[in-house]
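Colleague: Please take a close look at one part of this model for me. I would like the packing around a single helix, then whatever it leads to.

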Amino acid sequence: MTLATIEAEQGLRAALALDPAGVVATIRESGMKGRGGAGFPTGLKWQLAAEAVAPDGVRYVVCNADEGEPGTFKDRVLLAELPDLVFEGMTIGGYAIGSHEGICYLRGEYVYLLADLEACLERRRAAGLLGPDVAGSGFAFDITIHLGSGAYVCGEETALIESLEGRRGEPRNRPPFPVVSGFRGAPTVVNNVETFAWAAAILARGADWFAHIGTDRSTGPKLLSVSGDVQRPGVYEFPLGVSIAEVIEAAGGHDAKAAIVGGAAGTCVPARDFGRAISYEDVSTGGAVIVVGPWRDLLEVAENLQWFFANESCGQCTPCRVGNVKLLEGIRALRRGELTVQQLEDMVSLGQTMRIASKCGLGQAAPNVLLSIIENYRSEVLGHIPVGAR
Amino acid sequence: MITLPAEVEAANAGLIEAIDDLVAEYGDDRSALIPILQALRQQRRQISDVAMQVVADRLGIPPVDVQGVVTFYHFLDTTPTGTHVIHLCRTISCAMAGMGAIAARLEHELGISFGETTPDGLFTLSWANCIGMCDAPPALLLNRQALARVTPDQVSELVLGLRAEVSGMIGA
Amino acid sequence: MTTTLRLGTPGMPGGPAVTSTSVTVTVDGHEVEVPVGSTILEAAEKAGRRIPTLCHHPDLPDVGVCRICVVEVTGQRALQASCAYPITTPIEIQTYSRRVRQARQTIVDLMLAEHCGSCQTCGRNGNCELQDLAAEYGSDHFRFGQRTEPTRLFDTFGPSIRRDMNKCVHCLRCIRTCAELQGVGALGVIGRGDSTTMSPYLTLPISDVVCINCGQCINRCPTGALQEVDNTDDVWRAIEDPTKHVVIQTAPAPRAAMGEEFGLPPGTPVTWQLNSALRELGFDKVFDTNFSADLTIIEEGTELLVRLYENLVLGDHGRPVPQFTSCSPGWIKYLEHKYPEFAPNLSSCKSPQQMFGALIKTWYAQKNGLDPADVVSVSLMPCTAKKFEAHRPEMTDSGFPDVDVSLTTRELGRMIRELGIRLPDLPESDFDDPFGTASGSGVIFGATGGVMEAALRTVVELVTGGKVEDLFDHADITPVRGFEETRYAEITLPDTLGPVPPLLAHLVPDWDWLRGVTLKLAVVHGTANAQKVMEDIKAGGRFSECHFIEFMACPGGCLGGGGQPIPTSKEIRSARAKAIYGEDARYGETGRVRKSHENPAVLRVYEEFLTDGPCGHTSHHLLHTTYTPRGAFIATPSMTVPATTNATTNAPTNGGAR
């Protein structure tokens with residue numbers, strides 16, 4: 001894994017040798033887009049936060065370690081194996097945007113990582129890498145860890161901020177975006193764990209190194225969490241633009257029927273499309289590839305994931321709160337052979353509305369897997385509908 | 001400050017002191033709410049009615065807002081939990097890898113369904129949504145530890161071991 | 001005027017500062033200029049496009065959760081909630097594209113799938129926003145099913161508000177009303193996902209938590225999920241019982257709004273037609289609450305002068321200043337819960353509703369040879385908290401409940417409609433004696449600042465011996481009028497003051513101590529504003545130096561009460577206020593009495609019944625009351641706690657006995 005080969009604090013030293021604008025420019029030049037899945041250019045996000053008017057000069061850097069996407073575990077591995085690199089990246093981000101306070105929002109399910117992460121922060125403070133004078137540069141920055149309490153939706157950045165503020169994790173309306181008004185109303189950069197790690201690597205190895213990996217619009221390497229019906233599940237690093245087939249091959253998946261790329265919020269890619277590329281311009285993902293073997297009933301997979309969304313919906317907006325339950329009921333009726341074609345069409349129409357009318361990314365992504373299954377496996381799905389109801 | 005009826009205050013003196021200590025530690029800003037609730041849950045295995053009202057009072061928010069937060073997050077709850085809380089991941093990678101057999105064995109060994117606590121107060125059995133152990137399924141959380149690649153027989157051993165630990169402690 | 005605004009949301013910290021006041025928005029091809037920070041909804045309205053809304057309410061901060069108002073913003077993949085999207089750069093929107101229409105239809109169908117309850121049996125039939133949306137956007141069948149069995153809480157336990165959560169569509173308007181508009185926090189969001197409910201703490205009946213019964217949540221509920229407790233049948237039964245003598249008092253605020261129940265524009269007063277309708281309904285007598293409003297002013301004004309004398313001159317700090325008004329039962333309960341230590345600041349005067357009721361069961365019954373047990377005292381109020389007030393155990397000083405049934409504007413509207421008459425077409429008729437006469441001061445009780453203005457008209461004249469018109473044109477004390485959240489006013493008394501009038505001679509020896517004194521006054525409406533003022537008082541701020549503060553629980557005062565017709569908005573409340581001040585002005589133009597202490601009917605009560613004068617023994621017994629410091633603790637079934645009933649007495653001492 002490339003990240004394991006980055007020399008400790010090389011990125012931080014390189015950053016502190018530049019002015020903050022220079023750091024932002026380096027990240028922009030690397031072309032890196034957020035590794036959480038939404039794909040917003042990281043350098044632009046940092047620039048917006050740096051330029052935003054901050055009351056009392058307060059800005060925040062938040063590490064989104066609320067890795068809740070089913071099938072995703074690369075951040076867990078990073079936090080367990082390379083916590084210094086993640087915190088180094090956060091410190092670089094703080095320097096770039098003029099923030100002195102970093103918060104790592106660690107999902108409650110990862111509570112077993114907490115002690116080691118706290119120890120890592122303590123070591124960094126002792127080494128002068130955090131605190132009032134980071135690496136002798138005069139720049140002050142420290143990081144605290146906030147433990148989540150079990151809510152998938154808090155991976156959505158505005159829900160995460162609400163949770164940090166002691167509220168229910170209900171996503172906010174955007175605009176305003178967190179880079180303008182985030183935690184406590186201050187400009188806030190929220191980035192994924194992996195994004196911070198790569199940011200440190202980019203400062204260490206240079207924007208060019210990163211930009212020359214991957215495709216024009218999807219630069220750099222990406223960590224992928226591969227699970228499901230494969231022989232060697234685990235975290236794999238590939239340049240963006242890699243084909244789905246290559247990823248499955250590496251993990252030892254044979255005769256796969258489908259791959260759910262992007263986790264529960266992703267899309268179900270049929271075997272005939274395994275030549276497609278994992279990239280922001282083709283099949284985008286925060287890192288999950290769940291391989292589905294040939295013997296699986298895809299509707300069983302769909303039911304499991306729809307239950308997940310119905311259970312994890314914050315309940316705020318109508319399309320997501322009611323829509324997920326209706327989709328779940330529909331999948332169950334379909335599996336029992338009790339759905340009509342008209343009702344299936346209504347489910348598709350509902351899914352399409354959820355995609356565009358839900359308040360946040362959770363509700364917008366919740367119907368994706370089901371819709372892609374209905375689209376790509378139409379005859380298999382219609383096979384569940386009694387002849388008289390077609 | 002909220003005035004509690006004398007008998008309520010007397011019955012909850014320890015709890016109230018614990019809350020005041022937590023408020024001293026985390027502050028009385030709304031941001032302190034979740035850390036305080038997490039600590040109460042950890043210390044006392046329950047976030048009681050009195051706890052919610054006192055926390056609400058100390059942070060200057062309505063008690064229904066505290067309940068709103070408690071009922072929003074999976075790991076906060078108003079009902080008391082057992083000494084050991086088992087969260088079995090029921091999401092896709094674990095479901096594809098034999099989660100159902102683990103669930104059945106857990107219910108059989110513990111004699112309870114998901115969402116319940118054993119009558120001896122030793123175990124609470126809950127579901128979890130994806131705990132990020134998809135590379136080693138099926139997985140569960142036992143209290144604050146993740147256990148991966150769990151087999152049904154390991155579940156039986158685990159339950160047996162935890163029960164023995166407690167009876168051993170009582171025996172000693 | 002040029003203001004500096006920032007990219008992002010106005011009022012929010014933003015990106016590079018830009019100086020601009022307006023921005024161009026293209027709505028369905030039509031360009032409009034709107035101020036920077038306007039929402040898409042506002043821009044569309046300016047362009048003449050109505051976008052459907054549900055969770056949006058003009059009185060509340062927007063949350064963008066129902067999603068019915070979604071529109072296309074060019075360049076964005078997802079639709080945007082127009083109510084919650086502040087415009088900061090030129091944008092192009094489409095309000096009725098195929099995607100938008102499909103989304104709206106689906107959303108309405110989802111709401112219908114979640115909502116359980118039939119329109120035919122609902123109190124909001126014909127005035128329901130979900131019904132309207134279904135008519136405009138829904139499909140021709142329940143595409144996503146329909147719940148037929150109620151599974152959620154139907155709370156009918158309290159005296160004021162009933163909540164049927166089966167009809168709830170999760171717009172959060174009640175939550176925002178309670179938490180943000182009123183600062184009470186009786187309701188919150190519990191649970192998550194599909195099991196989310198709008199609920200009081202621990203799903204208790206709302207009457208068991210810190211709720212002030214103001215009913216503002218009802219006024220903002222789009223469906224029938226929140227309604228007043230319906231007491232119309234109690235009234236019908238009384239009217240149908242030949243052994244009962246049924247009287248009704250009507251307050252000014254419902255009279256300024258009742259027309260809305262019959263399709264008249266807001267601000268059309270129907271006072272005199274209503275009298276005819278009430279007689280048609282079968283009430284034996286129709287009285288004017290303004291009468292007891294005048295009585296309240298005499299009592300409360302006297303109490304104020306006595307309190308100031310005792311506090312400022314005699315140094316009796318057991319009678320703390322400022323004195324707070326006590327007409328608003330929502331405000332009373334708010335104070336009892338949140339600021340119980342300030343109960344001694346509350347005027348001990350009962351509200352006009354209760355004063356009237358007490359006189360009906362005593363003086364009126366005696367005069368007319370009626371057994372008070374056979375007299376049914378009904379009130380028409382703009383208010384759901386009045387129902388709670390009528391139920392208070394303190395309100396039975398005559399041995400009978402002062403008020404047997406308190407009806408809201410909406411309930412009486414339903415009764416009149418049941419009667420099959422069209423209110424606006426009825427002939428006008430007057431109120432009944434002996435309470436027929438009222439002053440213009442009584443009328444303005446219905447608006448925020450009205451009690452203060454009425455009290456000042458009386459206090460100033462009692463003290464100066466002159467005319468209030470010498471200080472304020474037409475006796476319009478405009479500094480205390482308006483809809484600002486809090487109003488602060490100062491009135492400096494002249495150096496020459498009059499003699500103490502005979503009515504008060506037993507209470508205060510002279511006015512010397514008031515010469516040249518500047519009275520500091522404040523008017524507050526909406527309990528969220530009351531909270532700000534109370535916190536200021538606790539911190540020793542400028543409101544702590546006031547002598548007298550009017551508090552009304554509801555925004556706009558009684559005219560914006562929780563029992564008033566639905567919908568409500570700032571514009572509707574302003575229209576009702578115009579009707580109320582118009583009625584007061586007509587009193588002046590027609591040569592009728594505009595000051596409480598000049599009301600001959602009130603003076604007659606003091607001559608015939610309350611013979612020991614304002615704040616005397618009889619009035620103390622019948623017209624004054626005590627309060628119950630309740631605190632914020634919520635006794636729940638899991639705790640077996642005896643109810644706290646340490647009522648403190650806060651009635652004025654009889655100055656004459658001093």
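Modeller: H2 of chain C is among the elements that cover the buried residues of H3(C). This is a predicted model, so read every contact below as computed. H3(C) spans residues 129-137, and its buried residues are Glu129(C), Leu130(C) and Leu133(C). Why do they count as lying on the same side of H3(C)? Because they cover an arc of only 100° around the axis. The general rule for an α-helix is 3.6 residues a turn, so residues three or four places apart point the same way.

Now the sheet. In chain C, 5 strands form an open sheet. Their order is E4-E3-E7-E5-E6, with mixed pairing. Strand E4 (30-35) and strand E6 (80-81) of chain C stand at the edges. Each has a single partner strand, so one side of each is left without a neighbour in the sheet. E6(C) pairs with strand E5 (residues 70-73) of chain C in the antiparallel sense, over 2 bridges. Within that pairing, Val70(C) stands opposite Ala81(C) in E6(C). H2(C) packs on this sheet. It touches E5 and strand E7 (91-94) of chain C. The direction of H2(C) makes about 160° with that of E5(C).

H2(C) also matters for the count at a chain contact. In total, 37 residues of chain C are in contact with 38 residues of chain A. On the side of chain C that touches chain A, helix H2 (residues 98-114) gives the most, with 9 residues. That side divides into 20 nonpolar, 10 polar and 7 charged residues. So H2 of chain C appears in three places: it is part of the cover over the buried residues of H3(C), it packs on the sheet, and it gives the most to the side that touches chain A.

Chain C has a contact with chain B as well. It takes 16 residues from chain B and 19 residues from chain C. On the chain B side, helix H4 (49-59) and helix H5 (63-70) each supply at least two residues. H5(B) gives the most there, with 5 residues. By class, the side of chain B that touches chain C has 8 nonpolar, 5 polar and 3 charged residues.

Last, the partner chain A. Its domain assignment gives domain 1 (2-211), domain 2 (221-292) and domain 3 (299-389). Domain 1 and domain 3 of chain A touch through 9 residues from each. The side of domain 1 that touches domain 3 has 6 nonpolar, 1 polar and 2 charged residues.

Key
Residues are numbered from 1 along each chain as its sequence is written. Chains are lettered from A and ligands numbered from 1 in the order in which they are written. This is a predicted model: local features need pLDDT of at least 70, side-chain atom pairs count only at pLDDT 80 or more; totals for chains, interfaces and linings use all residues. Domain bounds come from an automatic or database domain assignment. Two residues are in contact if their C-beta atoms, placed from the backbone, lie within 7 Å. Ala, Val, Leu, Ile, Met, Phe, Trp, Tyr, Cys and Pro count as nonpolar, Asp, Glu, Lys and Arg as charged, and the others, Gly among them, as polar. Helices (H or I, at least four residues) and strands (E, at least two) are DSSP runs, numbered from the N terminus. A residue is buried if 20 or more other C-beta atoms lie within 10 Å of its own, exposed if 12 or fewer, and partly exposed in between; C-beta atoms are placed from the backbone. The arc is that of the directions from the helix axis to the C-beta atoms. Two strands pair if DSSP finds at least two bridges between them. Axes are lines fitted to C-alpha atoms, for helices over the stretch in contact, and angles run from 0 to 180 degrees between N-to-C directions.
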